[in-house]
Amino acid sequence: MKKLSVILLLVLGCMFVVGGAPASAARKPMDRDKALTTLNTNFQYDKVELGQYLDKGLSYMELKNICLHAYAAKKPLQEVAQLREKYGWIRVKHLLGLTPEKFAKREMEYKAERMERLFGLDKKLSMKYMKLGYGGHSVKRAIALSKNCDKSVEELLAMKT
């Protein structure tokens, strides 16, 4: 049984390394209402404005990137969307004044603010652990778990393998 499990893992691993996900696992476009709700919840931008971009044919992922860049640069969505129509993301970042360091810092702030707003987790505490290199999802889980067990956030994060 162990050999079968190992072989199956190797085969699946090779599929994703060599050719990506199987054709049946291709992503379907996100439902418009779900996309609007998710982007509005995550970034706090107006649903009507977000809907206009989806109606123009932008994908959910493209609009999510526009939202993130607008948030990071503290610019209106429209300004970032107009830049994105003309340029690739590297040039857009440059024109918005987003150095890699500044973008990473603002993305981390976005994640911490979102965790505070949606889950009631302390922003400063979340930032502390994300600055140490832990992913937002790991920090969120560790903080939540630490409230319900006898382990500290540090102990829980140290258990991450």
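**Helix packing around H3 and the nonpolar cores**

H2 passes H3 in a right-handed crossing. In this predicted model, H2 spans residues 32–43 and H3 spans residues 47–55, and the two pack at an angle of about 135° with their axes 10 Å apart. The angle makes H2 oblique to H3. On the H2 side, the residues that meet H3 are Arg32, Ala35, Leu36, Thr37, Leu39 and Asn40, and their partners in H3 are Lys47, Leu50, Gly51, Leu54 and Asp55. Sorted by class, this contact of H2 with H3 has five nonpolar, three polar and three charged residues.

The loop between H2 and H3 holds Asp46. Asp46 has a relative accessibility of 44%, so this residue counts as partly exposed. Leu36 lies 10 residues from Asp46 along the chain, and the C-alpha atoms of the two are separated by 8.9 Å.

It is worth turning next to the other partner of H3. H3 and H5 pack at an angle of about 15°, with 11 Å between their axes. These two helices are therefore roughly parallel to each other. Their crossing, too, is right-handed. Glu49, Leu50 and Tyr53 of H3 make this contact with Leu77, Gln78 and Ala81 of H5. Here the residues of the contact of H3 with H5 divide into four nonpolar, one polar and one charged.

Leu50 and Leu77 lead naturally to the interior of the model. The largest nonpolar core has 27 residues, and those with the most contacts inside this core are Tyr45, Leu50, Leu63, Cys67 and Leu77. At least two residues of the core are supplied by each of H2, H3, H4 (60–73), H5 (77–86), H6 (89–96) and H7 (100–119). H4 gives the largest share, nine residues. In soluble globular proteins, nonpolar side chains tend to be buried together.

The surroundings of Leu77 help to fill in this picture. Apart from neighbours within four places in sequence, Leu77 is in contact with Tyr45, Glu49, Leu50, Tyr53, Ile66, Cys67 and Ala70. Of these partners, Glu49, Leu50 and Tyr53 belong to the H3 side of the contact with H5, while Tyr45, Leu50 and Cys67 are, like Leu77, among the residues with the most contacts inside the largest core. A second, separate core has 12 residues, including Ala112, Met115, Ile143 and Leu156.

Key:
Residues are numbered from 1 along each chain as its sequence is written. This is a predicted model: local features need pLDDT of at least 70, side-chain atom pairs count only at pLDDT 80 or more; totals for chains, interfaces and linings use all residues. Side-chain values use heavy atoms; hydrogens and water are left out. Axes are lines fitted to C-alpha atoms, for helices over the stretch in contact, and angles run from 0 to 180 degrees between N-to-C directions. Helices (H or I, at least four residues) and strands (E, at least two) are DSSP runs, numbered from the N terminus. Angles under 35 degrees count as roughly parallel, over 145 as roughly antiparallel, 65 to 115 as roughly perpendicular and the rest as oblique. A crossing is left-handed if the near helix is turned anticlockwise from the far one by less than a right angle, and right-handed if clockwise. Contact means heavy atoms within 4.5 Å. Ala, Val, Leu, Ile, Met, Phe, Trp, Tyr, Cys and Pro count as nonpolar, Asp, Glu, Lys and Arg as charged, and the others, Gly among them, as polar. A nonpolar core is a set of buried Ala, Val, Leu, Ile, Met, Phe, Trp, Tyr and Cys residues joined through side-chain atoms within 4.5 Å. Buried means under 20% relative accessible area, exposed over 50%, partly exposed in between (1.4 Å probe, protein chains only).
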